[in-house]
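Please look over the sequence and the model shown here before reading on. The report that follows is written for someone meeting this structure for the first time.

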Amino acid sequence: MSKNILMVVTNAKEMKEGHATGLWLSEFAEAYIEFKNAGYTVTVASPNGGESPIDARSLEDEVPAEIQATAPLLKETLDLKSIQDFSAFDAIFMPGGHGTMFDLPQSDALNNALQTLFEANKTVAAVCHEPAGLVSATLSDGTPLVAGKTIATFTDEEERATGLDVYMPFLLETRLRELGANIITADNFTENVQVDGNLVTGQNPQSTIAVAKAVINTLN
């Protein structure tokens, strides 16, 4: 039976001081391709619907044609607020990019989706900066969703290595630790995937395919 995957992407196109940002294309595309190859139905949504801007830095190196071919899917995403029944999805997958730091923690609809799916024991997955979407997520009793969970995320050291830490609203690893998450880190920009029950997370773009495969394993 086909599974229904909700992929949630950013609408944010600027960091602090007007620096351009957006979605990291490979993190979306690699996961999308894995899910489609598995025969899944994929819905792409964002906090406000419409375009999810692609971070130009994710296009600087040679980008495989199959990755580029997914870009049109980001031109007109579904408004997350228009989804009435999140329980219809088997998993939620959140690909990263610095843009996610600016809008996903503010999305009540995303928080609702995360709580609904996580408490139904459905798969919640995020990679790189997208655990920013977990920062404001709580369980029904108000407990932070990440409290006591073992996860991977883009590290403070990696953020400083990009030189973009000064433009972030907060450092993601630090904030998640403050919320009670147990963060497992690997060397900068090396694959690191953590699976804690139905929560699947990855540290950086290099972890995307492994995270997507881990999601597929949870759904089999």
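The text below describes the sheet, the helices that pack on it and the nonpolar cores.

This is a predicted model, in which local features need pLDDT of at least 70 and side-chain atom pairs count only at pLDDT 80 or more, while totals for chains, interfaces and linings use all residues. Residues are numbered from 1 along each chain as its sequence is written, and side-chain values use heavy atoms, with hydrogens and water left out.

**The sheet**

Seven strands form an open sheet with mixed pairing, in the order 3-2-1-4-5-9-8. Strand 3 (78-79) and strand 8 (193-196) are its edge strands, each pairing on one side only. Helices (H or I, at least four residues) and strands (E, at least two) are DSSP runs numbered from the N terminus, and two strands pair if DSSP finds at least two bridges between them.

Strand 4 has parallel pairing with two strands, as the table shows for strand 1 and strand 5.

| Strands | Sense | Bridges | Facing residues |
|---|---|---|---|
| Strand 1 and strand 4 | parallel | three | Leu-6 and Ile-92; Ile-5 and Ala-91 |
| Strand 4 and strand 5 | parallel | four | Phe-93 and Ala-125 |

From strand 4, Ala-91 and Phe-93 point one way and Ile-92 and Met-94 the other way, and all are buried, where buried means under 20% relative accessible area, exposed over 50% and partly exposed in between, with a 1.4 Å probe and protein chains only.

**Helices and their packing**

Strand 1 (residues 4-8) and strand 4 (residues 91-94) also meet helices. Helix 1 (residues 25-37) packs on the sheet, touching strand 1, strand 2 (41-46), strand 4 and strand 5 (123-127), and its direction makes about 175° with that of strand 1. Helix 7 (residues 208-219) packs on the sheet as well, touching strand 1, strand 4, strand 5, strand 8 and strand 9 (199-202), with its direction at about 175° to that of strand 5. Such angles run from 0 to 180 degrees between N-to-C directions, the axes being lines fitted to C-alpha atoms, for helices over the stretch in contact, and contact means heavy atoms within 4.5 Å.

The buried residues of helix 7 include Val-211, Val-215 and Leu-219, and among the elements that cover its buried residues are helix 1 and strand 8. The twelve residues of helix 7 should span 16 Å at 1.5 Å a residue, and the distance of 17 Å between its end C-alpha atoms agrees with this; the expected span is 1.5 Å times one less than the number of residues.

In helix 4, the buried residues are Ala-109, Leu-110, Asn-111, Ala-113, Leu-114, Leu-117 and Phe-118, and they pack against strand 1, strand 4, strand 5 and strand 9. An α-helix has 3.6 residues a turn, so residues three or four places apart point the same way. After helix 4 comes Asn-121, whose phi is positive, near 60°.

**The cores**

A nonpolar core is a set of buried Ala, Val, Leu, Ile, Met, Phe, Trp, Tyr and Cys residues joined through side-chain atoms within 4.5 Å. The largest has 37 residues, and Leu-6, Leu-80, Ile-92, Leu-114 and Leu-145 have the most contacts inside it. Strand 1, strand 4, helix 4 (108-119), strand 5 and helix 6 (172-178) each supply at least two of its residues, with the largest share, six residues, coming from helix 4. Leaving aside neighbours within four places in sequence, the contacts of Ile-92 include Leu-6, Leu-110, Leu-114 and Val-124. A second, separate core of 30 residues includes Ile-5, Met-7, Phe-35 and Val-211.
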